[in-house]
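Biologist: Got a minute to walk me through this model? I'd like the plain version.

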Amino acid sequence: MKVGFVYDPIYLKHDTGQHVENATRLEAIISHLEKTQLKQQLIPIKPGAASIEELSLVHDKQYISHIQDVAQKGGGWLDADTIMSPNSYEVAVYAAGGAIKATEAVMDGEVASAFALVRPPGHHATPRRAMGFCLFNNVAIAAKYALAKYNLERLAIIDFDVHHGNGTQEIFYDNPQVLYISTHQYPFYPGTGSIDETGVDKAKGTTVNIPLPAGCGDAEYLPAFEQIIVPAARRFKPQLILVSAGYDLHQADGIALMQVTTTGFAQMVKIIKQLADELCSGRLVFSLEGGYNVTALAASVKATFDVLLGDTNIEDPLGQSRHRFAAPSITQLIKAIKEIHNLP
Ligand SMILES: [Zn+2]
């Protein structure tokens, strides 16, 4: 089973200073993959720069020039959370290009599945706006690229980052070719992602939001995956599955209040992989979004690769949270989402 990964030191050059979204995230992932000798089992995929035409599949040309301008003028804050350095435009163009290359490698059959280890992340970026540490929407660009280049009719994006992918939702809200499913802490940043946001017109029902209360862990995420994501994907029959893989729902991550363990991530990835095997010949592409405790991030990304490689022996160096609190019941929530989406 060939599993690919996209990485390039250029991704370290998006210099955010003391920001939580910084280069140590990718450095920790790569050094952990090396130390555990997993990296040598993976097929390296070289990223390239996305072209303006490719970025324009999702973003307005004016917005793209604006990001380029800010970088040329030395960088700065785009909003309260999102900062750019002089190299950030180029890095963001390579992040989008990395997601595209990972998708190409899978679609062309060079690898069975792939993971784009890129930054800055993408799922909050809208066609005209940077936000939430995101400049270009890497997964949305890869999705539009795959639809066009491979003439696909349908693909699914599963977004398990702890934040709602408002940008991705907005981009595909009226697009019946893309099923967007998100699990996220709610209410929480960025505020969107309620159960009744389901898409418009012909795309009604192709946005599936699973807004979870703070405190959810493996015991809540796994039923949400099994009871909503699995039947929604089966009904939609995607020809490719893209994953906005954020690891900030880890119990050790300080940015949010979820309690998912490294083992929990492995189980979630296993469900997604089984869906890809069943529905689209295994075609599966991950792209990195959040995850800010670098130890938890590195262990969880490794667990993701382990599952993609078919390894069932998952190491969990962090275990359960030492400050566990009782998760609220999500039985009623799951029932309500099933009703809204008419799921079996
Ligand atoms: Zn996030």
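Modeller: Here's a run through the sheet, the metal site and a few backbone oddities.

Biologist: Before that, what kind of model is it, and what are the ground rules?

Modeller: It's a predicted model: local features need pLDDT of at least 70, side-chain atom pairs count only at pLDDT 80 or more, and totals for chains, interfaces and linings use all residues. Numbering starts from 1 along each chain as its sequence is written, and side-chain values use heavy atoms, with hydrogens and water left out.

Biologist: Cool. In what order do the strands of the sheet come?

Modeller: The order is β2-β1-β5-β10-β9-β6-β7-β8, eight strands in an open sheet with parallel pairing. β2 (43-45) and β8 (207-212) are at the edges with a single partner strand each, so one side of each has no neighbour in the sheet. From one strand to the next the twist averages 15°. On terms: strands (E, at least two residues) and helices (H or I, at least four) are DSSP runs numbered from the N terminus, and two strands pair if DSSP finds at least two bridges between them.

Biologist: And what holds paired strands together in general?

Modeller: Strands of a sheet pair through backbone hydrogen bonds, either parallel or antiparallel.

Biologist: Let's zoom in on β9. Is it buried or exposed?

Modeller: Mostly covered: β9 spans residues 241-245, and five of its five residues are buried. Buried means under 20% relative accessible area, exposed over 50%, and partly exposed in between, using a 1.4 Å probe and protein chains only. Both faces are covered, with Ile241, Val243 and Ala245 on one side and Leu242 and Ser244 on the other.

Biologist: Which strands does β9 pair with?

Modeller: β6 (residues 155-159) pairs with β9 in the parallel sense over four bridges, and there Ala156 has Ile241 as its bridge partner. β10 (residues 284-288) also runs parallel to β9, joined by five bridges; in that pairing Ala245 is partnered by Leu288.

Biologist: What handedness does the β-α-β unit with β9 have?

Modeller: Right-handed: the unit is made of β9, helix α8 (residues 262-279) and β10. Right-handed here means that, with the strands pointing away from the viewer, the path from the first strand over the helix to the second runs clockwise.

Biologist: What about β1 and β5, how many bridges there?

Modeller: Four, in the parallel sense, between β1 (residues 3-6) and β5 (residues 113-116). Phe5 has Phe115 as its bridge partner in β5. Helix α4 (residues 88-107) packs on the sheet and touches β1, β2, β5, β9 and β10, with its direction at about 175° to that of β5. Contact means heavy atoms within 4.5 Å; axes are lines fitted to C-alpha atoms, for helices over the stretch in contact, and angles run from 0 to 180 degrees between N-to-C directions.

Biologist: Switching to the metal. Which protein atoms are the donors of the zinc ion?

Modeller: Asp161 gives two OD donors, His163 gives ND1 and Asp248 gives OD, at 2.0 to 2.7 Å from the zinc ion. Donors are N, O and S atoms within 2.8 Å of the metal (3.2 Å for Na, K and Ca); water is not among the atoms, so sites may look incomplete.

Biologist: What geometry does that site have?

Modeller: Irregular, with angles of 53 to 154° among the four donor atoms. Four donors count as tetrahedral if all angles lie between 85 and 135 degrees; four count as square planar and six as octahedral if opposite donors are over 155 degrees apart and all others between 65 and 115; anything else is irregular.

Biologist: And where do His163 and Asp248 sit along the chain?

Modeller: His163 is in the loop between β6 and α6 (166-172) and Asp248 in the loop between β9 and α8, so the pair ties together parts that are 85 residues apart in sequence. Both His163 and Asp248 are buried.

Biologist: Last topic, the backbone. Which peptide bonds are cis?

Modeller: Among them are Arg119 to Pro120, with omega about 0°, and Tyr186 to Pro187, with omega near -5°. Pro120 is in the loop between β5 and α5, and Pro187 in the loop between β7 (178-185) and β8.

Biologist: What's up with the phi of Asn151?

Modeller: Asn151 has a positive phi of about 55° without being a glycine. Asn151 is in the loop between α5 and β6 and counts as exposed at 67% relative accessibility.
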